[in-house]
Amino acid sequence: RAYIGVHYGRALFEPGIAATTSIDSIREMAAHFALAEGVVTELDLNTRIWTKGVDASLLERVAEKDDALLEEEMASGTMTARDLWKVAEAKVDGLHDQDDAIVAQPADAFPRIESSPGGVMVRYPIGVAFIAAFLLSLGCGVIGLAALRELPSALDLGSAGAWLQRIPRLPRATALVTGAPIPWLIGCWILSGITMLGWSGRVRRVEVTADAVRVWRGIRPFPRVYPRPPYDRILRIEKSVHLAKDDGFKLINPTASPMLTVDDARWVTSELRRAMKASQTTR
């Protein structure tokens, strides 16, 4: 079961009564209903239950208590968007961990958690995959520069070609790209960009203090600072840990860990939440 909310910032099915409803408004309403129908059709939801050997008990399932309460509250017309997001979060695996739950450190924990001045520091060791991605990105960048320097030999670039010749000559890389600088340039810069996304955004350290949460990513010496408030919540989505604002809900939240094991993610989430709660009293 999936609860999906899309905020348009306006009423979708309540056309104004001061003027005649336009045909465009009616078409837009029809498009929203068609979207729901399209999901059912594309996923074959209207026939799948009959082709999977499911007995009639599936159709006779008694609604769970939480679902019944949700439907009752929605029917009352008093449910706000924030209330709906809370219900949705509670039904997503990993987001419903209890804030006060204490999780024991796993036997072979990958992260290291230690006290820092005024807070808690989580360190994630750099693994072989990070080093390999960084070196591959660096190597592709060097070859790409050599190909860029040799580009005037394949294209007539005029004055721009003379400017490219100012790039320092890299003998080994130049010998590799000579004769086909364009394919090498395109391939190396694409591969370099993809690998850079992998290592530049990887979280290597997180510090929680009373005034902010600081996150170090990639090889940058300075952290990204998330002030408290509004970043006063820690979420776990299966194997990753994220920061979240306390006064709202977003589908995409800043990362506070690389991909971990489920046990490590639960432990880190528990420790960060405890640090958040403890540091709130010192504000």
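This text walks through one protein chain, from its overall make-up to its helices, salt bridges and a loop residue.

The model is predicted. Start with the whole chain. It has 9 helices and 7 strands. It holds 283 residues, and 31% of them count as buried. The chain exposes about 18,600 Å². Carbon and sulfur atoms supply 61% of that area. Now look at contacts between residues at least 6 apart in sequence. Of these, 56% join residues at least 24 apart.

Go next to helix H8, residues 181-200. How far should its 20 residues span? At 1.5 Å a residue, the expected span is 28 Å. The end C-alpha atoms are 27 Å apart, which agrees. Which residues of H8 are buried? They are Pro181, Leu185, Cys188, Ser192, Thr195 and Trp199. Seen down the axis of H8, the buried residues fall within an arc of 125°, so they line one face of the helix. Turn to the other side of H8. There Pro183, Ile194 and Leu197 are exposed. What covers the buried residues of H8? The cover includes helix H5 (128-149) and helix H7 (171-177).

That leads to H5 itself. H5 has 22 residues. From first C-alpha to last, H5 reaches 32 Å, close to the 32 Å expected at 1.5 Å a residue. Its buried residues include Phe130, Ala133, Ser137 and Cys140. Gly141, Gly144, Ala146, Ala147 and Arg149 of H5 are buried too. The buried residues of H5 pack against helix H6 (159-164), H7 and H8.

H5 also has residues that are not buried. Take Ile131, which is found in H5. Its relative accessibility is 44%, so Ile131 counts as partly exposed. Ile131 belongs to a nonpolar patch on the surface. The patch is formed by Ile126, Ile131, Leu135, Leu138 and Val142. Together these residues have about 440 Å² of accessible area.

Now turn to charge. Side chains of opposite charge can pair when their charged atoms come close. This model has 6 salt bridges. One of them joins Arg149 and Glu150. Their closest N and O atoms are 3.4 Å apart. Are these two residues buried or exposed? Arg149 is buried, and so is Glu150. There is also a wider link. Arg149, Glu150 and Arg169 are joined in a network of salt bridges.

A further salt bridge joins Arg228 and Asp232. Here the closest N and O atoms are 2.7 Å apart. Arg228 has a relative accessible area of 6%, so Arg228 is buried. Asp232 has a relative accessible area of 14%, so Asp232 is buried as well.

Another salt bridge forms between Glu271 and Arg274, with closest N and O atoms 3.2 Å apart. Both residues lie in helix H9 (residues 262-280). They are 3 residues apart there, so about one helical turn separates them. How buried is each partner? Glu271 has 18% relative accessibility, so Glu271 counts as buried. Arg274 has 39%, so Arg274 counts as partly exposed.

Stay with H9. This helix has 19 residues. H9 reaches 27 Å from its first C-alpha to its last, close to the 27 Å expected at 1.5 Å a residue. Many names appear among its buried residues, including Asp264, Ala265, Trp267, Val268, Leu272 and Met276. What covers the buried residues of H9? Strands are part of the answer. The cover includes strand S1 (112-116), strand S2 (119-123) and strand S3 (203-209). It also includes strand S4 (212-217), strand S6 (233-237) and strand S7 (240-244).

Finish at a loop. Where is Ile219? Ile219 sits in the loop between S4 and strand S5 (224-227). At 48% relative accessibility, Ile219 counts as partly exposed. Leave aside residues up to four places away in sequence. Ile219 then touches Phe130, Phe134, Trp199 and Arg204. Consider Phe134. Ile219 and Phe134 are 85 residues apart in sequence. In space they are 9.4 Å apart, C-alpha to C-alpha. Two other partners have been met already. Phe130 is one of the buried residues of H5, and Trp199 is one of the buried residues of H8.

Technical notes. Residues are numbered from 1 along each chain as its sequence is written. This is a predicted model: local features need pLDDT of at least 70, side-chain atom pairs count only at pLDDT 80 or more; totals for chains, interfaces and linings use all residues. Side-chain values use heavy atoms; hydrogens and water are left out. Helices (H or I, at least four residues) and strands (E, at least two) are DSSP runs, numbered from the N terminus. The expected span of a helix is 1.5 Å times one less than its number of residues. Buried means under 20% relative accessible area, exposed over 50%, partly exposed in between (1.4 Å probe, protein chains only). The arc is that of the directions from the helix axis to the C-beta atoms. Contact means heavy atoms within 4.5 Å. Patches are made of residues with over 30% relative accessible area and no salt bridge: like charges are joined within 9 Å, nonpolar side chains (Val, Leu, Ile, Met, Phe, Trp, Tyr) within 5 Å. Accessible areas come from the Shrake-Rupley method with a 1.4 Å probe; for residues, only the protein chains shown count as cover. A salt bridge is a side-chain nitrogen of Lys or Arg within 4 Å of a carboxyl oxygen of Asp or Glu.
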